[in-house]
Amino acid sequence: MSRSNISSVFYADAYHPIQAGSIDGTDIAPHDNGVFRALLCSSAGLYDPFGDPKVIGDPYCTVFVGRLSHSTTEQTLRKAMSKYGRVKNLRLVRDIVTGASRGYAFVEYETEREMRRAYKDAHHTFIDDSEIIVDYNRQQLMPGWIPRRLGGGLGGRKESGQLRFGGRERPFRAPLQSIPWDDLKRLGIPPPPEGRYMSRFEVPSPPRRDRSSIDREESSRRSSSLEREHSNRRSSRGKEDRFGKRRSKEREDHYRKESSVGRSGHSHRKVSVEREDHHYERISEDGEKHSKKRSHAYREETSHETNAEEYSHRSSGDWKEGSYKRHKHDSGSDRHKRRSTNRDHTSDY
């Protein structure tokens, strides 16, 4: 092996319990009971990483936060992790019996870019005076994953005696001895990537979405959206048809009611019109009678006035004629007297 491999490391892309228990990833036998238990669970398929109902959200937008203080709460963790992006969901894992924090959590961000920023910058920061570690969601994104409670996991402390390698905190060292290729192939353990080792100070990139899976997801989303649109259109058409039928029925009922009301109203109107006509006829008849009476009285008054005028004219004419006759008679008698007196005078001479 070259001297440059002494400071070189590599990271595991898939999880194997025997390899995770080896410092350089070349062991072919379990060296502790935890590795043996994890190997048994892996070979028997006793663990389903997607069977936990509490695990929600997009795994490509979720980071694992470990080594938290037991006094850290959801509010404190959300405030600390919000520095790197918009936190969509947060789950602080607690003990089922006591409800106390178990020292790790899962934080989901709105976008994958925000998740990568937290993955890069939040590692080895402090929350509540405790140095945390940040990794991607290996439970759902790393093939063959076995959790710590079943003897697997990654990292660990030296005093525990169950160190696990291949992760971000404890990567595999480049092998200094010969690699047993045949045994690794027989056990299904991925061999070390010769010629593609990394520096200890390089940050491994979390897995990205497969383009085909993205296309499939987009196509499935489009198809589901199209199906939803079609179903919504069908439901809206069905609702419109039902609403139209109901509306037409309501209109028919309304028209029937209006027609019945119109008929009754027409009959009432007809009766009222007849009553009004009869009332008007009576009023007109009374008016005509009253006008006839008034005209008759007026005629009588005018006849009385004309008779009075004629009588007055006649009386005045008779009076004038009588006075004229009296005057004439008086003048004739006067003349007769004068004649008689003249005769008397003449007789005297």
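In what sense do S3 and S4 pair, and over how many bridges? In this predicted model, S3 and S4 are paired in the antiparallel sense, and 6 bridges connect them. Strands of a sheet are held in such pairs by backbone hydrogen bonds, and the pairing may be parallel or antiparallel. One of the bridges links Leu92 to Ala105, its partner in S4. The two strands S3 and S4 make up a hairpin, with 6 residues lying between them. Within the turn of this hairpin, Gly99 has a positive phi of about 80 degrees.

The hairpin belongs to an open sheet of 4 strands, arranged in the order S3-S4-S2-S7 with antiparallel pairing. S3 and S7 are the edge strands, each of which pairs on one side only. From one strand to the next, the twist averages 25 degrees. Further into the order, S2 and S4 run antiparallel and are joined by 4 bridges. Phe64 has Phe106 of S4 as its bridge partner.

Two helices accompany the sheet. Helix H3, formed by residues 74–81, packs on the sheet and touches S2, S3 and S4. The direction of H3 makes about 140 degrees with that of S3. Helix H4, formed by residues 112–121, lies across S2, S4 and S7. Relative to S7, H4 runs at about 140 degrees.

The empty space in the model was examined next. Rolling a probe the size of a water molecule over the atoms reveals where such space remains. The largest pocket has a volume of about 1300 Å³, and 40 residues line it. Those nearest the centre of the pocket are Phe64, Tyr104, Trp145, Arg148 and Arg149. Phe64 thus appears both in this central group and in the bridge to Phe106 described above. Two or more lining residues come from each of strands S2 (62–66), S3 (87–94), S4 (101–109) and S7 (133–136), and from helix H5 (138–141). By class, the lining of the largest pocket comprises 16 charged, 12 polar and 12 nonpolar residues. Where does the largest pocket lie with respect to domain 1 and domain 2? Residues of domain 1 (1–48 + 147–204) and of domain 2 (50–143) both contribute to the lining, so the largest pocket lies between the two domains.

In addition, the structure contains 2 cavities of 30 Å³ or more. The volume of the largest cavity is about 100 Å³. Its lining consists of Lys54, Val55, Ile56, Thr62, Asn89, Arg91, Phe106, Val107, Glu108, Asn137 and Gln140. S3 and S4 each provide at least two of the lining residues, and S4 gives the largest share, with 3 residues. Phe106, the bridge partner of Phe64, is among the residues that line the largest cavity. The classes represented in this lining are 4 nonpolar, 4 polar and 3 charged residues.

The second largest cavity holds about 30 Å³ of space. Ala12, Ala14, Tyr15, His16, Gln19, Ala20, Met142, Leu154, Phe165 and Phe172 form its lining. Of these residues, 8 are nonpolar, 2 are polar and none is charged. The lining of the largest cavity, by contrast, includes 3 charged residues, and that of the largest pocket includes 16.

How values were computed: Residues are numbered from 1 along each chain as its sequence is written. This is a predicted model: local features need pLDDT of at least 70, side-chain atom pairs count only at pLDDT 80 or more; totals for chains, interfaces and linings use all residues. Side-chain values use heavy atoms; hydrogens and water are left out. On a 1 Å grid over the protein atoms alone, a cavity is a set of points where a 1.4 Å probe fits but cannot get out, and a pocket is an open set with protein on both sides within 12 Å along at least five of seven lines; lining residues have an atom within 4 Å of a point. Grid points are joined across faces, edges and corners, and a volume is the space filled by probe spheres set on the points. Ala, Val, Leu, Ile, Met, Phe, Trp, Tyr, Cys and Pro count as nonpolar, Asp, Glu, Lys and Arg as charged, and the others, Gly among them, as polar. Domain bounds come from an automatic or database domain assignment. Two strands pair if DSSP finds at least two bridges between them. Axes are lines fitted to C-alpha atoms, for helices over the stretch in contact, and angles run from 0 to 180 degrees between N-to-C directions. Contact means heavy atoms within 4.5 Å.
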